[in-house]
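Me: I am new to this structure and would like a close look at a single part of it, one helix and what surrounds it. Please set it in the context of the whole chain and explain the terms as you go.

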Amino acid sequence: TENRLLAALPTEDRGRLLPKFEVVPFQKGRALHETGELIRYAYFPATGFCSLVALTPDGAMLELAAIGNEGVIGLSVVLKSPTAPCLVLGQVSGTAYRIRAETLAAEFQRGSALQAILLQYTSRLLSEISQGIVCHHFHPVLQRVCRWLLGAAERLQSDTLDLTHEAIAHALGITRTSVTEAAVRLQDAHAISCRHGHIVILRRAYLADIACECHGIMREAARPVPDVHPVPITMTLPTRATRARTVA
């Protein structure tokens, strides 16, 4: 139930900062930030997770990145950009540590450990967004669905996911029918079970076998912060063999 960025703070910094936070719930399908709106609060999720979402003028959407207890929502306020660059939606309901945007920005400017931790997280988030672009462009639906389900399970530390086919379709920028077709194949392989808006992963190893290499790269980006040294941004392009791969 703890946010891993806040957990990485030295004891003294945590003691000074934690009284400035409040614990608040967020709901799936509800916006924490709307595109272009003034950011009043930053959120450090403890449970559940959210999606950074890009919208087109006709209402189509695509997840840019997912943020759970490894990250923070509203990061742009410490980069001197007071407005939300994209929509932030609750994907699975949970709780978060909330802090006023100006308070977080002031702490960042102190040059404290929080500054180093948030800069490192920024690098990791950019890595995830960059790899997601590669994944959306090159990889087939079944691989992307497996990668996304694994990422959700790892963020939630649970194999039972309160997710619908429609929510996954919105996140991946594909049709609900495409998600359902992928889900049927995975159910036929006894890898997942879908029922009443819930998905239960029965065989993680099977999903990992099918998922594209992006899963491993994004998983690495979401690992706990071991120290405050910057992590270089990496992006892997699929090989010709990967592009030609047919998933059985």
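Reply: Of the 248 residues of the chain, 48% count as buried, where buried means under 20% relative accessible area, exposed means over 50% and partly exposed lies in between, with a 1.4 Å probe and protein chains only. This is a predicted model, in which local features need pLDDT of at least 70 and side-chain atom pairs count only at pLDDT 80 or more, while totals for chains, interfaces and linings use all residues. Residues are numbered from 1 along each chain as its sequence is written, and side-chain values use heavy atoms, with hydrogens and water left out.

The chain holds 10 helices and 10 strands; these are DSSP runs numbered from the N terminus, helices being H or I with at least four residues and strands being E with at least two. Among its contacts (heavy atoms within 4.5 Å) between residues at least 6 apart in sequence, 77% join residues at least 24 apart.

The part to look at closely is helix H3, residues 101–109, whose buried residues are Ala101, Leu104, Glu107 and Phe108. Seen down the axis of H3, these buried residues fall within an arc of 130°, so they line one face of the helix; the arc is that of the directions from the helix axis to the C-beta atoms. The buried residues of H3 pack against helix H2 (11–17), strand E3 (41–45), strand E7 (94–100) and helix H4 (113–138). Just after H3, Gly111 takes a positive phi of about 75°.

Leu104 deserves a separate word. Leaving aside residues up to four places away in sequence, Leu104 touches Ala42, Phe44, Val77, Val78, Ile99, Leu114 and Leu118. Leu104 also belongs to the largest nonpolar core, which has 37 residues and in which Phe44, Val72, Leu104 and Leu118 have the most contacts; such a core is a set of buried Ala, Val, Leu, Ile, Met, Phe, Trp, Tyr and Cys residues joined through side-chain atoms within 4.5 Å. The elements that give two or more residues to this core are helix H1 (4–7), strand E1 (22–26), E3, strand E4 (49–55), strand E5 (61–67), E7, H3 and H4. The largest share, 5 residues, comes from H4. Apart from this core lies another, of 29 residues, among them Trp148, Leu150, Ala191 and Ile210.

H4, one of the elements that H3 packs against, leads on to an open space. The second largest pocket has a volume of about 310 Å³. A pocket is found on a 1 Å grid over the protein atoms alone, as an open set of points with protein on both sides within 12 Å along at least five of seven lines, and its lining residues have an atom within 4 Å of a point. Grid points are joined across faces, edges and corners, and the volume is the space filled by probe spheres set on the points. Of the 19 residues that line this pocket, the closest to its centre are Leu52, Leu75, Ser76, Pro85 and Leu125. E5 and H4 are the elements that give two or more residues to the lining, and H4 gives the most, with 4 residues. The lining divides into 15 nonpolar, 4 polar and no charged residues, where Ala, Val, Leu, Ile, Met, Phe, Trp, Tyr, Cys and Pro count as nonpolar, Asp, Glu, Lys and Arg as charged, and the others, Gly among them, as polar.

Key. On a 1 Å grid over the protein atoms alone, a cavity is a set of points where a 1.4 Å probe fits but cannot get out, and a pocket is an open set with protein on both sides within 12 Å along at least five of seven lines; lining residues have an atom within 4 Å of a point.
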